[in-house]
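Biologist: I would like to learn how to read burial, ring pairs and helix faces in a model of this kind. Could we take the features one at a time, starting with a single residue?

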Amino acid sequence: MTRFAASLLSLSITLALSPALAAPPADAPTFDPQRMSDMVKTLSSDAFEGRGPATAGEKKTIDYVTAQMQAAGLQPGGDLVDGNRGWTQAVPLLRAQISGEPELSVDIDGKPQALSQGEQVAIRAAMDGSTSVEIKDAPIVFVGYGVTAPERDWDDFKGVDLKGKIALVLVNDPDFETGDGDFGGKAMTYYGRWTYKYEEAARQGATGMLVIHETEPASYGWATVKNSNTNTMFDVVREKPSDTHPQMEGWIQRDFAVQLFKDAGLDFEALKKQAQSRDFKPVELKGETFSAKYAVDSQVITSYNIVGRIEGSERPDETVVYSAHWDHLGMGEPDAKGDRIYNGAVDNATGTVALIEMGRAFANAAEKPKRSLVFLNVTAEEKGLLGSEYYASKPLYPLGKTVAVLNMDALDPHGPARDFSTSGSAKQDLLDQLVETAKQWDLRYATDSKPEAGYFFRSDHFPFAKRGVPAVSFGSGEDMVDGGVAAGRAISAEYTANRYHQPADEWEASWAFTGMARDLQLLHAVGSDLANSDRWPNWSQDSEFRAARDATAAERK
Ligand SMILES: [Zn+2]
């Protein structure tokens, strides 16, 4: 996911006018825009086939990134092989794919209507362990926002039996539309994420769940839903996958869902309003059923995180992590031009290259850092943060002694901005330090202007944050030095509409990379400061991540 895409609707920009860039601090290393451009061009070329996990594109990516990290002066920091660290960490993943075209239909008052995969609905390959799915005439039940939150005295299910049924659910959380309520107001809580919806559907015993896609609460369009859900699906390997996944998971187009409600004599908008109150009760779409039949090819495969490292000179067992995902969507449905390769130039060849160049800056420094630095290039972010989830669950270096995680995802390859942002604005010392350090470059912090999009849960820093490790995901700014907010918004709008998660996310010769070169100086300064201090940043007292961090306090004495 990308913060860059979200900045389209940014409203938090102030119009302070500084005519030129501030001079960087004298000790800041420089980052070479031309080299970054060359590397992004290579990584996002068609030869890398869109960098899908467990494809030929992965092998090429690992070979390239490893060679670049080595040339940059990093040491291998991955799994131990015969007592020595390799360049990778093996990440076992469940890979599931629908074989052929799924047979999908709804039956309205006895009249069957065939559905096309990717048109009215986008059905994900089953991840509950099923090798074939056959759902015949299943009743359809609207379950509002699909939330069970006892601490908020909220239960959308009210004891409804969903066995053998398909649950229809709204995306985001119950106070997204009103901006006022028990779920963080406009900001998205984890209850708003579709991952939560499916997990809850499994807990409720539903046979299937369809999330009703609406662009605003989802924060992305149908094209994104279609492209991310109809290709190969991945998950971490689970002991009992049906505890987490209902048999059928998918999305349904809003207009088509509205029609289904109408044909059942129901008013979608009125029911949505009801769903915003804790009195809501599930409603069956009378006279309508859903059928689905498809085979699922599922197997356990191995993908890899790529790990470079610089060992600290004084406290090598304490680690500062820079992270970025290398994967993108691979090959998939062709766009209007017939292009099937999802090159992922911005998302996330930029972050991968930033990681390599950050490694080079530290490796070339006159003095080694006192603490160790890890450059973690994770896999399967686009499949649901799986590479970072795996690392955080099986850390190569203990999380209790991991000082901080600075994640980079989908950086803006254009010129510099006068501001920067982060995915979510969770209160913590690390963010304060980033904001304070940025002042040396006259860079303003624009708080996450779209907390309702739930970006905090959508970047690779989150698996660390939820385990208490101080973590931020950096986002490029929007108030461009050249052209101001108008120029930044035009760039974001163009990217979101035409490129984001589409085959057209391709390298451009016109990209200057001077903005990244400047932003990497800032991120270097923050990491360098932490790597050479004995400070342990923490979350704010009232943060939901504070307790997890404090639980490992003894490790940091
Ligand atoms: Zn990304």
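Modeller: Let us begin with Phe 462, which counts as buried at 10% relative accessibility, because buried means under 20% relative accessible area. Please keep in mind throughout that this is a predicted model.

Biologist: Which residue forms an aromatic pair with Phe 462, and what is the geometry of that pair?

Modeller: Two rings are said to pair if their centres lie within 6.5 Å, and planes over 60 degrees apart count as edge-to-face. Here Phe 456 pairs with Phe 462 at 6.1 Å centre to centre, with 75° between the planes, and the pair is therefore edge-to-face. Phe 456 is itself buried, with a relative accessible area of 10%. Both residues also belong to a cluster linked by ring pairs, whose other members include Trp 154, Tyr 190, Phe 457 and Trp 539.

Biologist: How many aromatic pairs does a search of the whole structure find, and why is the pair of Tyr 391 and Phe 464 called tilted?

Modeller: The search finds 25 aromatic pairs. In the case of Tyr 391 and Phe 464, the ring centres are 5.7 Å apart and the planes stand at 40°, so the pair is tilted. Tyr 391 lies in helix α10 and Phe 464 in helix α12, so this pair ties together parts that are 73 residues apart in sequence. Both of these residues are buried.

Biologist: Turning to charges, which residues lie over the faces of Phe 176 and Trp 536?

Modeller: Over the face of Phe 176 lies Lys 186, at 4.3 Å from the ring centre, while Arg 556 lies over the face of Trp 536, at 5.9 Å from the ring centre.

Biologist: How should I read the faces of a helix, and where do the buried residues of α8 fall?

Modeller: One looks down the helix axis and asks where the buried residues point. In α8, Phe 268, Leu 271, Lys 272 and Ala 275 are buried, and they fall within an arc of 105°, so they line one face of the helix. These residues pack against several elements, among them β7, β10, α7 and β14. At the N-terminal end of α8, Asp 267 acts as a cap, with a side-chain oxygen 3.0 Å from the backbone nitrogen of Glu 269.

Biologist: Which residues of α7 are buried, and which are exposed on the other side?

Modeller: The buried residues are Phe 256, Ala 257, Leu 260 and Phe 261, which fall within an arc of 145° and so line one face of α7. On the other side of α7, Asp 255 and Lys 262 are exposed. After this helix comes Gly 265, with a positive phi near 75°.

Notes. Residues numbered from 1 in each chain as written. Predicted model: local features only at pLDDT ≥ 70, side-chain atom pairs only at ≥ 80, totals over all residues. Heavy atoms only, no water. Buried < 20%, exposed > 50% of the residue type's maximum accessible area, 1.4 Å probe, protein only. Helix = DSSP H or I, 4+ residues; strand = E, 2+ residues; numbered from the N terminus. Arc of directions from axis to C-beta. Contact = heavy atoms within 4.5 Å. Polar contact = N/O pair within 3.5 Å; in protein donor to acceptor, adjacent residues only side chain to side chain. Phe/Tyr/Trp six-rings, centres within 6.5 Å; stacked < 30°, edge-to-face > 60°. Lys NZ or Arg CZ within 6 Å of the ring centre and 35° of its normal.
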